[in-house]
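Please work through the exercises below with the sequence and the coordinates open beside you. Each exercise gives a task and then a solution in steps.

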Amino acid sequence: MACGSGAGGGASRGYMRDTTPPSATIKERGQMNGAPTEIVLLVLQFLEEEGFRDAARELQRSSAAFCDLQHVGELIAAGQLDSCDRYLSGFTNPSENPNSLKIFFEIRKQKYLEALEARQFTRAVELLRGELRAFQDAATDTYAELCTLTSLDDFRQNEKLAGCGTLSEMRALLRSEVLRLAESNPALRGRIVFPPIAPSALRTLLSSAAAAPGSHLAAPTKHASPNVPHDAAFHPYASTTSAQQGAGTSGRRPPSAL
């Protein structure tokens with residue numbers, strides 16, 4: 001039960017790293033992960049370019065199209081372990097394979113140790129009875145040892161945890177271990193390397209569609225007019241009609257419905 005080890009300690013051996021070539025095109029990614037992935041990746045790039053990072057992370061998690069390991073590492077380093085747990089749960093779960101089992105166990109064990117460090121014993125017990133109980137069968141002895149830590153003034157009094165350093169040092173070890181396991185996790189294969197996409201690809205695609213003969217799309221602009229409805233790019237005629245109806249028609253009765 002040393003820091004950085006626990007359930008399924010050696011289970012990750014033998015798994016291959018992500019075999020998706022870094023140069024794989026977005027079309028190839030779509031073929032590997034399903035047709036909608038192409039569109040999702042374009043939207044993800046757009047959100048990142050426009051600075052909507054929270055929206056990008058939520059779309060990554062809900063679509064499972066791309067797992068940002070840099071984001072995972074940042075969450076662990078900042079001690080945002082609940083957020084890290086939730087983010088990764090969009091891509092895999094503890095029962096999917098040994099790598100995933102160990103990833104979630106290590107994150108939740110760190111939550112437990114940090115609760116003990118902060119003297120938050122109620123939360124520590126809740127974690128034991130809730131999130132960590134799911135690993136009782138896979139790591140019976142380790143779970144039993146974790147249960148004994150609530151009676152110690154410092155969990156480092158446990159011989160196996162005596163080498164644990166500060167919380168920052170523990171998080172650094174956890175970050176390294178989680179990223180290593182993620183890179184070799186078959187559930188994340190094809191999802192941890194973002195494909196090369198030309199800058200502003202979605203905006204360019206929409207502009208090309210708008211310029212096509214017979215298109216009903218208005219060319220997207222960086223800054224829309226405040227007097228034009230937000231969906232005007234997709235309903236240009238409706239916008240024009242609305243604007244005309246709104247000008248000088250006060251007092252008129254609307255035409256009778258057919």
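The exercises that follow concern a predicted model, and they deal with one helix pair and with salt bridges.

**Exercise 1.** Determine how helix 6 and helix 7 are oriented towards each other, and which residues make the contact.

*Solution.* Begin with the geometry: helix 6, residues 98–117, packs against helix 7, residues 121–129, at an angle of about 160°, and the axes are 8 Å apart. Angles over 145 degrees count as roughly antiparallel, and helix 6 and helix 7 are therefore roughly antiparallel to each other. As to handedness, the crossing of helix 6 past helix 7 is left-handed. Next, list the residues in contact: helix 6 contributes Lys111, Tyr112, Ala115 and Leu116, while helix 7 contributes Phe121, Arg123, Ala124, Leu127 and Leu128. Sorted by class, this contact of helix 6 with helix 7 comprises seven nonpolar and two charged residues, with no polar ones.

**Exercise 2.** Find the salt-bridge partners of Lys111, and state where each partner lies in the chain.

*Solution.* Take Asp82 as the starting point: its side chain meets that of Lys111 in a salt bridge, with 2.8 Å from N to O. Because Asp82 belongs to helix 5 (residues 81–88) and Lys111 to helix 6, this pair ties together parts that are 29 residues apart in sequence. Then turn to Glu131, which forms a salt bridge with Lys111 in which the closest N and O atoms are 2.9 Å apart. Here Lys111 in helix 6 is linked with Glu131 in the loop between helix 7 and helix 8, the two residues being 20 apart along the chain. Finally, place both pairs in their wider setting: Asp82, Lys111 and Glu131 are among the members of a salt-bridge network that also includes Asp85, Arg108 and Arg123.

**Exercise 3.** Decide whether Lys111, Asp82 and Glu131 are buried, partly exposed or exposed.

*Solution.* The cut-offs needed are under 20% relative accessible area for buried and over 50% for exposed, with partly exposed in between. Lys111, at 4% relative accessibility, therefore counts as buried. Asp82 has a relative accessibility of 42%, so this residue counts as partly exposed, and Glu131, with a relative accessible area of 28%, is partly exposed as well.

**Exercise 4.** Describe the salt bridge between Glu145 and Lys160, including the parts of the chain that this pair links.

*Solution.* The two side chains meet at 2.9 Å, N to O. Glu145 sits in helix 8 and Lys160 in the loop between helix 8 and helix 9, 15 residues apart. Lys160 is partly exposed, at 43% relative accessibility. For the model as a whole, the count comes to 19 salt bridges.

Key
Residues are numbered from 1 along each chain as its sequence is written. This is a predicted model: local features need pLDDT of at least 70, side-chain atom pairs count only at pLDDT 80 or more; totals for chains, interfaces and linings use all residues. Side-chain values use heavy atoms; hydrogens and water are left out. Axes are lines fitted to C-alpha atoms, for helices over the stretch in contact, and angles run from 0 to 180 degrees between N-to-C directions. Helices (H or I, at least four residues) and strands (E, at least two) are DSSP runs, numbered from the N terminus. Angles under 35 degrees count as roughly parallel, over 145 as roughly antiparallel, 65 to 115 as roughly perpendicular and the rest as oblique. A crossing is left-handed if the near helix is turned anticlockwise from the far one by less than a right angle, and right-handed if clockwise. Contact means heavy atoms within 4.5 Å. Ala, Val, Leu, Ile, Met, Phe, Trp, Tyr, Cys and Pro count as nonpolar, Asp, Glu, Lys and Arg as charged, and the others, Gly among them, as polar. A salt bridge is a side-chain nitrogen of Lys or Arg within 4 Å of a carboxyl oxygen of Asp or Glu. Buried means under 20% relative accessible area, exposed over 50%, partly exposed in between (1.4 Å probe, protein chains only).
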